[in-house]
Structures are given as C-alpha cells and as structure tokens.
Amino acid sequence: MIDHGALNDAKAILFDLDDTLYDAASFEEQADQAVAAVFARLGEIEVVEALAHAANVRAEGWSGYLDRWAEAINLGRESIAEALDVRRSMSPRLELRSGAAELLSELKETGRAIAIVTNGDRRQQENKVDALGLVARWGVHVEYAADSEPKPSPRAVDLALEALGIANYQALFIGDSPSDEAAARAAHVRFVWAEELFGPLRSDPLSP
Ligand SMILES: [Mg+2]
C-alpha cells in the first residue's frame with residue numbers, strides 16, 4: 001500500500017526512470033540478449049557462450065562492462081559501437097513496478113503535473129518510456145538530461161518544472177540514487193526515496 005502523505009501538497013511530482021518506475025534489470029537482461037547475438041555473430045561463437053562471458057565481466061562491476069565483454073571475445077572497438085547501437089535502438093518489453101501505474105493514475109486524476117527526469121542515452125531512454133506507455137497513458141512530460149546536463153546537476157529538474165509551469169518549492173522528486181537526491185536538493189525540490197514510497201524493487205527470496 002502506498003503512503004501518499006508526502007505527495008499530498010505537491011503540485012508537480014517528478015520521477016527518475018530506471019529502478020524508480022521499473023526494474024532496470026529487466027531492460028539489461030534484454031539488452032544483454034540482443035548484444036550477445038551481435039557478439040556471437042562477430043566472434044563466431046554460440047550466443048550462450050557470449051552470454052557466459054557477459055556474466056563473468058559483470059561480476060567485476062558495471063564500469064566499462066561492454067568493453068570488457070568485447071575484449072573477452074577478442075572483438076575490436078567497432079563491435080562495441082555496434083553493441084551500443086543495438087542497446088540504444090532496441091524496443092524492450094518493460095513493466096512498471098508494483099503500485100506505479102495506480103499512483104500515476106491517481107496523480108493525474110487529482111490534477112498533479114507529472115514528469116520523468118532521466119539520465120542516459122536519449123534514444124535508449126525514449127524506447128523505455130514508450131515501452132512503459134508513460135506518455136501515451138498518463139501524458140507525462142519527459143525531461144531527457146542528455147539534452148542538457150545529467151543528474152546530479154539540477155539543470156534537468158529545473159527544465160522539467162519550467163515545462164510544467166510549476167515552482168520548484170511546489171514539487172517533489174522521487175528517485176532511487178544519490179544523484180537523484182543531489183539533483184533535487186540542488187534544485188530546492190523535496191526528495192522522497194522510491195523504496196519508501198513503493199517498497200523494495202525486488203522481493204528478496206532469502207527474506208522471511
Ligand atoms: Mg534510477
């Protein structure tokens with residue numbers, strides 16, 4: 001059940017996208033599958049083998065992961081460009097996290113302005129927004145920080161509120177990462193953690 005207390009007096013609600021409104025792991029799994037097909041073709045190996053390399057390099061962390069993945073299959077720089085293009089142009093199948101659709105509908109029905117403020121490649125983020133039906137179903141404004149300055153800069157938060165015509169002090173930002181919190185704070189916008197509002201993103205099978 002969502003506690004709407006913090007939202008009650010806000011005229012605009014801004015959301016981060018990845019891991020705030022949906023589980024970004026679902027996108028990454030599909031992106032890995034698509035990139036694995038490309039790397040398998042270029043490296044003349046099986047797709048399952050390419051995916052096994054992905055799991056290995058991911059275990060070492062996210063930073064430079066595509067580069068390390070390509071390197072593990074002895075692929076050159078041009079293969080990384082192709083992989084990035086595949087990630088950015090794919091149309092993923094995504095679902096909003098539990099409670100998000102209900103909240104968006106309630107916000108819309110009660111006349112609140114809604115925006116997404118998201119970092120990341122413009123085309124890739126647009127495909128996610130389309131897959132989640134955010135513009136089509138709720139008419140949200142989407143502020144792509146790639147067009148201005150990525151969070152933690154407050155620039156995209158300011159631009160979103162300008163587009164909505166709502167003053168910063170009347171807004172609330174919901175996000176999952178320190179850069180969301182920092183962007184909101186720098187823009188003088190109240191911040192709420194997505195987990196506080198929606199509960200945990202994934203149910204932990206090990207918890208009682
Ligand atoms: Mg996020």
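**A strand, a metal site and a set of rings**

Strand β1 and strand β2 (residues 113-118) run side by side in the parallel sense, joined over four bridges. This is a predicted model, and β1 makes a good place to start reading it. Across the pairing with β2, Ala12 stands opposite Ala113. Strand β4 is a further partner of β1, again in the parallel sense and over four bridges. In that pairing, Ala12 stands opposite Ala171 of β4. The side chains of β1 are divided between two directions: Ala12 and Leu14 point one way, Ile13 and Phe15 point the other way, and all are buried.

From the strand, the description moves to the metal site. A magnesium ion is coordinated by Asp16 and Asp176 through OD atoms and by Asp18 through its O atom, at 2.1 to 2.2 Å. Along the sequence, these donor residues follow the spacing D-x1-D-x157-D. Asp18 belongs to the loop between β1 (12-15) and α1 (24-43), while Asp176 belongs to the loop between β4 (171-175) and α9 (178-186), so the pair ties together parts that are 158 residues apart in sequence. How accessible are Asp18 and Asp176? Asp18 has a relative accessibility of 21% and counts as partly exposed. Asp176, at 31%, also counts as partly exposed. For Asp18, the cut-off matters, because buried means under 20% relative accessible area.

Asp18 also leads to Gln125, a residue of helix α6 (residues 122-132). Leaving aside residues up to four places away in sequence, Gln125 touches Leu17, Asp18, Thr118, Asn119, Gly120 and Tyr144. Gln125 is buried, with a relative accessible area of 1%. Its side chain is joined to that of Gln124 by a polar contact of 3.4 Å. Another residue to look for is Lys128, which lies over the face of Phe27, at 4.3 Å from the ring centre.

The aromatic residues add another part to the picture. The count of aromatic pairs comes to five. One of them joins Phe39 and Trp69 in an edge-to-face arrangement, at 5.1 Å centre to centre and with 75° between the planes. Phe39 sits in helix α1 and Trp69 in helix α3 (residues 65-72), so this pair ties together parts that are 30 residues apart in sequence. Are these two rings buried or exposed? Phe39 is buried, with a relative accessible area of 0%, and Trp69 is likewise buried, at 0%. The rings of Phe191 and Trp193 also pair, with centres 4.8 Å apart and planes at 90°, so this pair is edge-to-face as well. Trp193 is partly exposed, with a relative accessible area of 28%. Returning to Phe39, this residue forms one aromatic cluster with Trp62, Tyr65 and Trp69.

Phe39 has a further neighbour in Ile73, which is found in the loop between α3 and α4 (77-89). What separates Ile73 and Phe39 in sequence and in space? The two are 34 residues apart in sequence and 7.8 Å apart in space, C-alpha to C-alpha. Besides Phe39, Ile73 touches Gly43, Ile45, Ala50 and His53, again not counting residues up to four places away in sequence. Ile73 is buried, with a relative accessible area of 9%.

Notes:
Residues are numbered from 1 along each chain as its sequence is written. This is a predicted model: local features need pLDDT of at least 70, side-chain atom pairs count only at pLDDT 80 or more; totals for chains, interfaces and linings use all residues. Side-chain values use heavy atoms; hydrogens and water are left out. Donors are N, O and S atoms within 2.8 Å of the metal (3.2 Å for Na, K and Ca); water is not among the atoms, so sites may look incomplete. Buried means under 20% relative accessible area, exposed over 50%, partly exposed in between (1.4 Å probe, protein chains only). A polar contact is a pair of N or O atoms within 3.5 Å; within protein, one must be able to donate a hydrogen and the other to accept it, and residues adjacent in sequence count only if both atoms are side-chain atoms. Contact means heavy atoms within 4.5 Å. Two strands pair if DSSP finds at least two bridges between them. Rings of Phe, Tyr and Trp (its six-membered ring) pair if their centres lie within 6.5 Å; planes under 30 degrees apart count as stacked, over 60 as edge-to-face and the rest as tilted. A charge sits over a ring if NZ of Lys or CZ of Arg is within 6 Å of the ring centre and within 35 degrees of the ring normal.
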